[in-house]
Amino acid sequence: MNSDSVKIPQATAKRLPLYYRFIQNLHSSGKQRVSSAELSEAVKVDSATIRRDFSYFGALGKKGYGYNVSYLLSFFRKTLDQDEVTNVALIGVGNLGTAFLNYNFLKNNNTKILVAFDVEESKVGTIIGEVPIYHMDQLEETLAQLKVPVAILTIPQSAAQSITDRLVQANIKGILNFTPARLNVPSAIRVHHIDLAIELQSLVYFLKNYPD
Ligand code: ATP
């Protein structure tokens with residue numbers, strides 16, 4: 001994020017990539033404006049929240065007109081630094097890690113997994129989805145060389161904290177944690193935690209207990 005966006009509340013900032021993806025689609029289909037009701041329906045965020053969020057972006061929708069798609073697109077591109085690719089490292093090339101390497105994220109936004117690490121000798125030296133896999137012994141050296149600010153963790157839970165400590169030492173600024181571990185990091189480091197098992201369990205719970 002660039003310095004212009006510091007005043008955007010965190011909850012709003014978290015919705016930015018969602019809005020961005022939708023606005024990109026609208027723009028490529030040639031649409032020039034969009035109402036908050038249309039946006040609300042598409043991204044499943046209530047329209048009052050959308051109007052409040054968009055007021056932080058300096059985008060003032062007009063009644064009966066809606067928002068200007070080109071303006072929004074250039075705002076999101078600038079705010080999300082989409083003109084510049086952010087390099088990402090992936091640690092742990094197991095089943096989940098392999099899926100991410102094959103998928104990569106470049107299609108949806110300007111983040112790219114540039115390099116991956118594992119301890120398993122049979123994986124080191126191979127390439128998956130164009131991403132080379134290095135040994136964990138080369139972590140610090142490689143990250144310093146490539147100037148990678150973000151890491152994805154798809155290692156077993158037991159290894160998560162010690163690897164996080166190494167990443168912090170190696171100047172990583174953000175971690176996307178797919179392990180169930182709750183990580184301790186200095187306050188300057190940002191961790192986003194995605195625990196797929198918990199998400200699934202919570203979905204099933206809601207289906208059973210709030211069926212309508
Ligand atoms: P697989 O089927 O390949 O074992 P998995 O996702 O079921 O994958 P996990 O045990 O979760 O298996 O391990 C994920 C990956 O993390 C594996 O490729 C494993 O070699 C790697 N790994 C385990 N410990 C470490 C570590 N300390 N540092 C880096 N990678 C590790």
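Exposed here means over 50% relative accessible area, buried means under 20%, and partly exposed is in between, using a 1.4 Å probe on protein chains only. By that yardstick N95 is exposed, at 76% relative accessibility. What you have above is a predicted model, where local features need pLDDT of at least 70, side-chain atom pairs count only at pLDDT 80 or more, and totals for chains, interfaces and linings use all residues. Residues are numbered from 1 along each chain as its sequence is written, and side-chain values use heavy atoms, with hydrogens and water left out.

**Layout**

- The protein splits into domain 1 (3-79) and domain 2 (86-198), with bounds that come from an automatic or database domain assignment.
- Taken over C-alpha atoms, the centres of domain 1 and domain 2 are 30 Å apart.

**What the UniProt record says**

- The unreviewed UniProt entry lists residues 18-57 as "DNA-binding region". UniProt positions follow the numbering used here, feature names are shortened, and annotations may be inferred rather than shown by experiment.
- Residues 18-57 are 72% helix and 5% strand, with 14 Å between the end C-alpha atoms. Helices (H or I, at least four residues) and strands (E, at least two) are DSSP runs, numbered from the N terminus.
- The same unreviewed entry has a "binding site" made up of G92, V93, G94, N95, L96 and G97.

**Around the listed binding site**

- G92 sits in the loop between β3 (86-91) and α5 (95-103), while N95 is in helix α5.
- G92 counts as buried because its relative accessibility is 6%.
- Contact means heavy atoms within 4.5 Å. Not counting neighbours within four places in sequence, G92 is in contact with G97, F117, D118, T154 and I155.

**The sheet**

- Seven strands make an open sheet with mixed pairing, in the order β5-β6-β4-β3-β7-β8-β9. β5 (127-128) and β9 (190-193) are the edge strands with a single partner each, so one side of each has no neighbour in the sheet.
- Two strands pair if DSSP finds at least two bridges between them. Strands of a sheet pair through backbone hydrogen bonds, either parallel or antiparallel.
- β3 is mostly covered, with five of its six residues buried.
- On one side, β3 pairs with β4 (residues 111-118) in the parallel sense over six bridges; T86 is opposite T111 in β4, and L90 has A116 as its bridge partner there.
- β3 also pairs with β7 in the parallel sense, over four bridges, and in β7 the bridge partner of L90 is I152.
- β4 and β6 run parallel, joined by three bridges, and F117 has Y134 as its bridge partner in β6.
- β6 shows a covered face of V131, I133 and H135, and an uncovered one of P132 and Y134.
- β5 and β6 pair in the antiparallel sense over two bridges, with I128 opposite V131 in β6.
- The β5 and β6 hairpin has two residues between the strands, and G129 there takes a positive phi near 55°.

**Helices on the sheet**

- Axes are lines fitted to C-alpha atoms, for helices over the stretch in contact, and angles run from 0 to 180 degrees between N-to-C directions.
- Helix α6 (residues 139-146) lies across β3, β4 and β6 (131-135), at about 160° to β4.
- Helix α7 (residues 157-169) packs on the sheet too, touching β3, β7 (150-153) and β8 (174-177), and its direction makes about 170° with that of β7.

**Aromatic pairs**

- Rings of Phe, Tyr and Trp (its six-membered ring) pair if their centres lie within 6.5 Å; planes under 30 degrees apart count as stacked, over 60 as edge-to-face and the rest as tilted.
- Searching the whole structure turns up 12 aromatic pairs. One of them is Y103 with F105, edge-to-face at 5.3 Å centre to centre and 90° between the planes.
- Y103 is partly exposed at 37% relative accessible area, and F105 is partly exposed at 23%.
- F206 and Y210 form a stacked pair, 5.2 Å centre to centre with 25° between the planes. F206 is partly exposed at 45% relative accessibility, whereas Y210 is exposed, with a relative accessible area of 53%.
- Y19, Y20, F54, Y67, F75 and F76 are linked into a cluster by ring pairs.
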